[in-house]
Amino acid sequence: MTDTYRFADTVVAVDALYPAVHAYCSAYRCTGTPALTVRITQADIDAERRKSADEDRAEGRPVHAFADDYLETLAVYRKIAEWMPQRDTVLLHGSAVAVDGAAYLFTAKSGTGKSTHTALWQAAFGSRAVMINDDKPLLRIAPDSVTVFGTPWDGKHRRSSNCAAPLHAMCILERAAQTQVVPISASQAMPLLLQQVYRPADPVALAATLRLLDRLTQTVPLYRMGCNMAPSAAEIAYEAMKG
Amino acid sequence: MKLKQEFIAYDTDGLSMLVPTGSAGFAGLVQGNRTLGVILSLLQSETTEAEVVAAMLARFDAPEDVIARDVRRVIDALRGVGALDE
């Protein structure tokens, strides 16, 4: 079955084996001529299962037994992320929240507390804050501006909106006893960003991704924040980054 | 030997890195200074360790044994992450 969606201003047709992916993406359904058609086969699902098992083994976790329809959602996003660099767009693992229409993106190693921190922003700023995407937003990186887009791939808490906002600042989050925000350089940010961005299998697409990351780090102010999970961390971070 | 197609050499803001594609068996990064960047650029085409050392000697004012040691260390690291076609 096939349906059409708009992700990061790009119309994508998804031809899936299971209905679950269409329910997952329903908030992004649209009409229009697709720029990309994603077709999933059982081989794509099996590849996701192997990749997931490899990651579990590498992390020393028990191997998850995921259902095919869940793995298909991952396969769909992988194909989209593989193609998106040609639209100056990348997938970055992080949690993006907008306050008064300006987006702030927090990225970190898994388990650091990205979602917990952006939940503090929602608590601190109430209706002024909109959760764009809590796990895997898309970033369109134009020569002089970056836009963050919500996607359905929004993490286990399913926090996201079908919306977009200009990226005002990006922050690498670390756990610390005291909250402290400092500006950092591109070279300080890049090693982690390269771990958090989707790295295409195609070398040409990866080279495009690297050029886009260069542009991103030259366009958007970068910060490193050591923080605890006290409610005041959100306001301290906002005051430091709002400019 | 030369760098595999699944690995891309990347320089930014004084930092040299080797970045694997999503299909490479290695998911981390190899990072270093300008020396790494030069060695990676030499490995874009088929070469030998001796040729890399000779090219580095022509470029950097350092004793041969120091350069040879640095080259060996980098090549061992690249070999360790499966980045070389040999």
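Select A:Tyr104 first: it stands opposite A:Ala169 in β10 of chain A. This is a predicted model.

**Stop 1: the strands around β10(A)**

Stay with A:Tyr104 and A:Ala169, then widen the selection to whole strands. Residues 102-107 of chain A make up β6, and residues 164-175 make up β10. The two strands run parallel and are joined by five bridges.

Now select residues 146-149 of chain A. This is strand β9, which pairs with β10(A) in the antiparallel sense over three bridges. To find the pairing, show A:Val148 and A:Ala165; A:Val148 stands opposite A:Ala165 in β10(A).

Next, add residues 222-227 of chain A, strand β12. Six bridges join β12(A) to β10(A), and these strands run parallel. Click on A:Glu174 and look across to β12(A): the bridge partner there is A:Gly226.

While the strands are on screen, turn on side chains. In a regular strand the side chains alternate between the two faces of the sheet.

**Stop 2: where chain A meets chain B**

Show both chains. Select the contact residues: 17 in chain A touch 17 in chain B. Three of them deserve a colour of their own. A:Arg199, A:Pro203 and A:Leu210 supply 34% of the area that chain A buries against chain B, more than any other three residues.

How much area do chain A and chain B bury between them? About 1,300 Å², with 63% of it on carbon and sulfur atoms.

Look next for polar links across the interface. The rule finds eight residue pairs in polar contact, both residues at pLDDT 80 or more. A search for salt bridges across the same interface of chain A and chain B finds zero.

Now colour by helix. Select residues 186-196 of chain A for α5 and residues 203-219 for α6; each supplies at least two residues of the side that touches chain B. The largest share, six residues, comes from α5(A). Recolour this side of chain A by residue class: 10 residues are nonpolar, three are polar and four are charged.

**Stop 3: chain B by itself**

Hide chain A. Chain B has three helices and five strands. Trace the chain from the N terminus, and the elements run β-β-β-β-α-α-α-β. The radius of gyration of chain B is 12 Å, close to the 12 Å that the globule rule gives for 86 residues, so chain B is as compact as a globular protein of that length. Rotate to view the principal axes: the C-alpha trace spans about 40 × 30 × 20 Å along them.

Key. Residues numbered from 1 in each chain as written. Chains lettered and ligands numbered in written order. Predicted model: local features only at pLDDT ≥ 70, side-chain atom pairs only at ≥ 80, totals over all residues. Heavy atoms only, no water. Contact = heavy atoms within 4.5 Å. Buried area = accessible area lost by both parts, 1.4 Å probe. Salt bridge = Lys/Arg side-chain N within 4 Å of Asp/Glu carboxyl O. Polar contact = N/O pair within 3.5 Å; in protein donor to acceptor, adjacent residues only side chain to side chain. Helix = DSSP H or I, 4+ residues; strand = E, 2+ residues; numbered from the N terminus. Nonpolar A, V, L, I, M, F, W, Y, C, P; charged D, E, K, R; others polar. Pairing = 2+ DSSP bridges. Rg over C-alpha atoms; globule rule 2.2 N^0.38 Å.
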